[in-house]
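Please examine the model displayed here, moving from one local contact outward to the packing of the chain.

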Amino acid sequence: MIIGVSVVKDLKPHGASGTVVLTLVTTLIALSGCAGTSRLPAKGPQTAEAVLAKALARPLPTSVQGMSRLEAFVDGTARKADVVLLVERPDRAQFKALTPTLDLVAVLSTDGKRFTSYERGRSKCYVGEACAKNMARLVPIALPPRQLVEAVLGRPPLIDAKSQKLSWDAERSAYRVARVSADGLWQQELWIQPTTYRILASVVRKKGKRVASIAYGALDKFGPKAPPGIMRLKLPERKIDMSLTLRDVTIGEDIEDAVFALACPAGTLPVSLPCR
C-alpha cells in the first residue's frame with residue numbers, strides 16, 4: 001500500500017501534535033516496502049512466535065464509545081460522516097452515521113449474532129446474521145463482529161499461518177513478522193512496536209498481490225492502554241480507502257446489552273438478508 005504523504009494531512013485530528021503525522025508517515029513508509037532491515041535487538045525476543053505472542057497477550061480495552069470521524073473512498077466516491085461509535089468485546093458493535101447537524105442518517109448494530117441496519121427515510125430495515133458481508137452494509141469493513149471489534153481496538157485480523165519469520169525494521173524501529181499460510185497462497189506482514197508490543201500495521205497479500213492493509217496512528221492519544229486514535233484501512237481490489245478517527249470517547253465502561261439488540265423502527269419493513 002503506497003500512499004502519498006499528502007493524504008496523511010487529512011488524517012490529522014484537531015489539536016493533534018506533529019508526532020501523530022510522523023507516526024503515520026513512518027507507518028506508510030513501512031507499508032510501501034521502503035524500510036530497511038538490520039539485526040534484532042539483543043535484549044528482545046528472537047523469534048516471530050515470541051514477538052507475536054507478546055503482541056496478542058497485550059490487553060485490549062473492553063470497550064470504546066463516543067464520537068468518531070469516518071472518511072472513506074469507495075469506488076471513487078467520497079463518504080464523510082461523524083459517527084457515534086460503540087464497540088465492546090468480544091463481538092458487539094454499533095455505528096450511527098450523523099449529518100453535520102447531528103441528525104441520524106443511518107445505523108448498523110450487532111450483538112455479535114444478529115445485525116440490524118437502516119437508513120433514515122427508507123421504508124425497509126435490514127436484519128440477519130452478523131456475518132462479514134452484512135457487517136459491511138454501512139461501514140465498508142467486511143469483517144465478522146469479533147474481528148471488527150478487535151481491529152478498531154488495535155488488533156488486526158491474522159491469517160492462518162504455517163511459517164513465520166522475524167526481522168528488525170530499522171526504518172520503523174519495529175519488529176517485522178512475516179507469515180505465510182500452509183498452502184502458500186496467503187502472506188501477511190505485521191509491524192510490532194518493541195517494549196509496548198502494539199501492532200502498528202498489517203499487510204495481507206494473496207499470491208503476492210496486496211488485498212488488505214491496516215495502519216494505526218495517534219497511538220497514545222487516549223493513553224498507553226487505550227485504542228489507537230486512528231485506524232486506516234485500504235482494500236485495493238474493492239477500491240476502498242478508509243480512515244476512522246476517534247475524537248471524544250470513553251474507554252473501558254460497560255455498555256448495556258439492549259443498546260446492541262436494536263429493533264427496526266416502527267413503520268419500516270424488516271428484510272432478512274442472507275450471508276451467502
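**From a threonine contact to the nonpolar cores**

In this predicted model, the side chains of Thr 99 and Thr 101 make a polar contact at 2.9 Å. Thr 99 is located in the loop that runs between S4 and strand S5 (104-110). Is Thr 99 buried or exposed? Its relative accessible area is 14%, so Thr 99 counts as buried under the 20% limit. When neighbours within four places in sequence are set aside, Thr 99 is in contact with Val 105 and Arg 120.

The nonpolar packing may be considered next. The largest nonpolar core comprises 45 residues, and Leu 85, Val 87 and Met 242 have the most contacts inside it. Which elements give two or more residues to this core? They are strands S2 (63-74), S3 (77-88), S4 (92-98), S11 (199-206), S12 (209-217), S13 (230-235) and S14 (240-251), together with helix H4 (145-153). Separate from this core is a second one of 12 residues, which includes Ala 55, Leu 166, Tyr 175 and Ile 199. As a general tendency, nonpolar side chains in soluble globular proteins are buried together.

Tyr 175, listed in the second core, also leads to the aromatic residues. The count of aromatic pairs comes to two. One of them joins Trp 168 and Tyr 175 in an edge-to-face arrangement, with 5.2 Å from centre to centre and 80° between the planes. Trp 168 is buried at 13% relative accessibility, and Tyr 175 is buried with a relative accessible area of 2%. Tyr 175 also pairs with Tyr 197; this pair is stacked, with a centre-to-centre distance of 6.3 Å and 10° between the planes. The pair links distant parts of the chain, since Tyr 175 belongs to strand S9 (residues 174-180) while Tyr 197 lies in the loop between strand S10 (186-192) and S11, 22 residues apart. Tyr 197 has a relative accessible area of 13% and is therefore buried, being under 20%. Trp 168, Tyr 175 and Tyr 197 form one aromatic cluster.

The confidence of the prediction remains to be considered. The protein has an average pLDDT of 86, and 86% of the residues score at least 70. Over residues 1-30, however, the pLDDT is below 50, although this stretch has 51 contacts in the model beyond near neighbours in sequence. Where pLDDT is low, predicted coordinates should not be read in detail.

Conventions. Residues are numbered from 1 along each chain as its sequence is written. Side-chain values use heavy atoms; hydrogens and water are left out. A nonpolar core is a set of buried Ala, Val, Leu, Ile, Met, Phe, Trp, Tyr and Cys residues joined through side-chain atoms within 4.5 Å. Buried means under 20% relative accessible area, exposed over 50%, partly exposed in between (1.4 Å probe, protein chains only). Helices (H or I, at least four residues) and strands (E, at least two) are DSSP runs, numbered from the N terminus. A polar contact is a pair of N or O atoms within 3.5 Å; within protein, one must be able to donate a hydrogen and the other to accept it, and residues adjacent in sequence count only if both atoms are side-chain atoms. Contact means heavy atoms within 4.5 Å. pLDDT is the predictor's confidence in each residue, from 0 to 100. Rings of Phe, Tyr and Trp (its six-membered ring) pair if their centres lie within 6.5 Å; planes under 30 degrees apart count as stacked, over 60 as edge-to-face and the rest as tilted.
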